[in-house]
Amino acid sequence: MVNPFEIVDLTHEVRKLAISKISDINDINRETTFLALNALIEAARAGDAGRGFAVVANQVKHVSSRISEITTVLNKELAGSLSRLTDLGDTMIEKMQSQEGRRFADLALNMIDIIDRNLYERSCDIRWWATDSAVVECTSAGTNTTRQHAAQRMSVILDSYTVYLDLWIVDKSGRVLANGRPNTYPISGTDVSSLPCFRSALETTSGADFVTSDIEVSPWLKSARVATYATAIREHGAPDGRPLGVLMAFFDWSKQSAAVVKGVRLSPEEWKHTRCIIVDSTFRVIASSDDKGILEESCNLNAGGRSTGFYRTTGGETISFAATPGYENYKGLGWYGVVIHRPSHDR
């Protein structure tokens, strides 16, 4: 496949070579002219004996003059044409890079849109399951029987909704009454009242409300990276019922986000020079197609107040981005999808 960057680079090299060689010819020609002039002077001093030498010197001077004319025309026509050609090539590359930047910005938007739609569904899940009779009875009765029944019910849910690591039913004091995967995560009886999501969920005013948080590592879930969703469990499962506890769902962020950032539609050649990431509202990397820097790296994104766009760095990278658009009543958390494309050639 023809690489336009290589063609433009070659054009620049040919232009440099032409200018260099024309300059070399001019330098040599000046030396030749100078030598011919000196020869004429010496021939004049020699008188009759130097007449034949003067003829040769004049001929050399004439040839030098012709060479000067030719190099002048060559410099004007060849170097001028090559200059125009390189300008056209640079303009073509600039247009290609702009089209590429816009395309990558669209891919960044697609990434964050998939994330938003996915997380919106999680907000629907948590509000629905909080009204489940087994969940409500677990917090209202609090017996071993109701806790076991609730755990079984959540286990069935988790078998169908594989995007979750676990579901917790927590009482008003912050103690875990039951969870869906007790054998994998023995969390029952643990005090989780310190979790911000728990406190915020307990303070929601309606069953239509929910809370969520940025991505974090959960020590209770074997240090997995999770997106936490929570809502109040209300008396009788009614939207305006009295809060009895909190239902918390832990979205398997590592697995699900990896599928998004690694599933971007790039060619194999583009993937060699491209990194796709999701960053949170503080520009912390929370997902990366190369699995590097997650929750540790900060992306120096210069969005300039724009919701979507692209720009090029001094190092030649094209940074394309798109802010979370939200979905339905899920407003998003201020995250961005970002595509970083490195130049595949040296200019």
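Which backbone nitrogen does a side-chain oxygen of Asp-132 reach at the start of α3?

**View 1. Helix α3 and its two ends in the predicted model.** At the start of α3, the backbone nitrogen of Ala-134 is the one reached, with a side-chain oxygen of Asp-132 coming to within 2.9 Å of that atom. The helix covers residues 133-141, and its buried residues are Ala-134, Val-135, Val-136, Cys-138 and Thr-139. After α3 comes Gly-142, which has a positive phi, near 70°.

**View 2. The largest nonpolar core and a second, separate one.** The largest nonpolar core holds 48 residues, and those with the most contacts inside it are Met-111, Ile-115, Ile-169, Leu-247, Trp-253, Ile-278 and Trp-335. Helix α2, which spans residues 51-129, gives the most to this core, contributing ten residues. A second core, separate from this one, is made up of 19 residues, among them Val-192, Val-226, Val-246 and Met-248.

**View 3. The surroundings of Trp-253 and its pairing with Trp-335.** Leaving aside residues up to four places away in sequence, Trp-253 touches Ile-115, Ile-215, Arg-225, Val-226, Ala-227, Ala-258, Ile-286, Ala-287 and Trp-335. Both Trp-253 and Trp-335 are buried. The two rings form an edge-to-face aromatic pair, 5.4 Å centre to centre, with 70° between the planes. Trp-253 lies in helix α6 (residues 253-261), whereas Trp-335 lies in the loop between β10 (318-323) and β11 (336-341), so the pair ties together parts that are 82 residues apart in sequence.

**View 4. Trp-168 with Phe-250, and an aromatic cluster.** The count of aromatic pairs comes to twelve. One of them, formed by Trp-168 and Phe-250, is tilted, at 4.3 Å centre to centre and 55° between the planes. Because Trp-168 belongs to strand β1 (residues 164-171) and Phe-250 to strand β6 (residues 243-252), this pair ties together parts that are 82 residues apart in sequence. Trp-168 and Phe-250 are each buried. One aromatic cluster is formed by Trp-128, Trp-129, Tyr-161, Tyr-164 and Phe-251.

**View 5. Thr-231 in strand β5.** Thr-231 is placed in strand β5, which runs over residues 224-234. Its relative accessibility is 1%, and because buried means under 20%, Thr-231 counts as buried. The side chain of Thr-231 reaches the backbone oxygen of Asp-209 at 2.6 Å. Not counting residues up to four places away in sequence, Thr-231 touches Ile-126, Arg-127, Ala-130, Ala-201, Gly-207, Asp-209, Phe-210, Gly-245, Val-246 and Leu-247.

Note on methods:
Residues are numbered from 1 along each chain as its sequence is written. This is a predicted model: local features need pLDDT of at least 70, side-chain atom pairs count only at pLDDT 80 or more; totals for chains, interfaces and linings use all residues. Side-chain values use heavy atoms; hydrogens and water are left out. Buried means under 20% relative accessible area, exposed over 50%, partly exposed in between (1.4 Å probe, protein chains only). Helices (H or I, at least four residues) and strands (E, at least two) are DSSP runs, numbered from the N terminus. A polar contact is a pair of N or O atoms within 3.5 Å; within protein, one must be able to donate a hydrogen and the other to accept it, and residues adjacent in sequence count only if both atoms are side-chain atoms. A nonpolar core is a set of buried Ala, Val, Leu, Ile, Met, Phe, Trp, Tyr and Cys residues joined through side-chain atoms within 4.5 Å. Contact means heavy atoms within 4.5 Å. Rings of Phe, Tyr and Trp (its six-membered ring) pair if their centres lie within 6.5 Å; planes under 30 degrees apart count as stacked, over 60 as edge-to-face and the rest as tilted.
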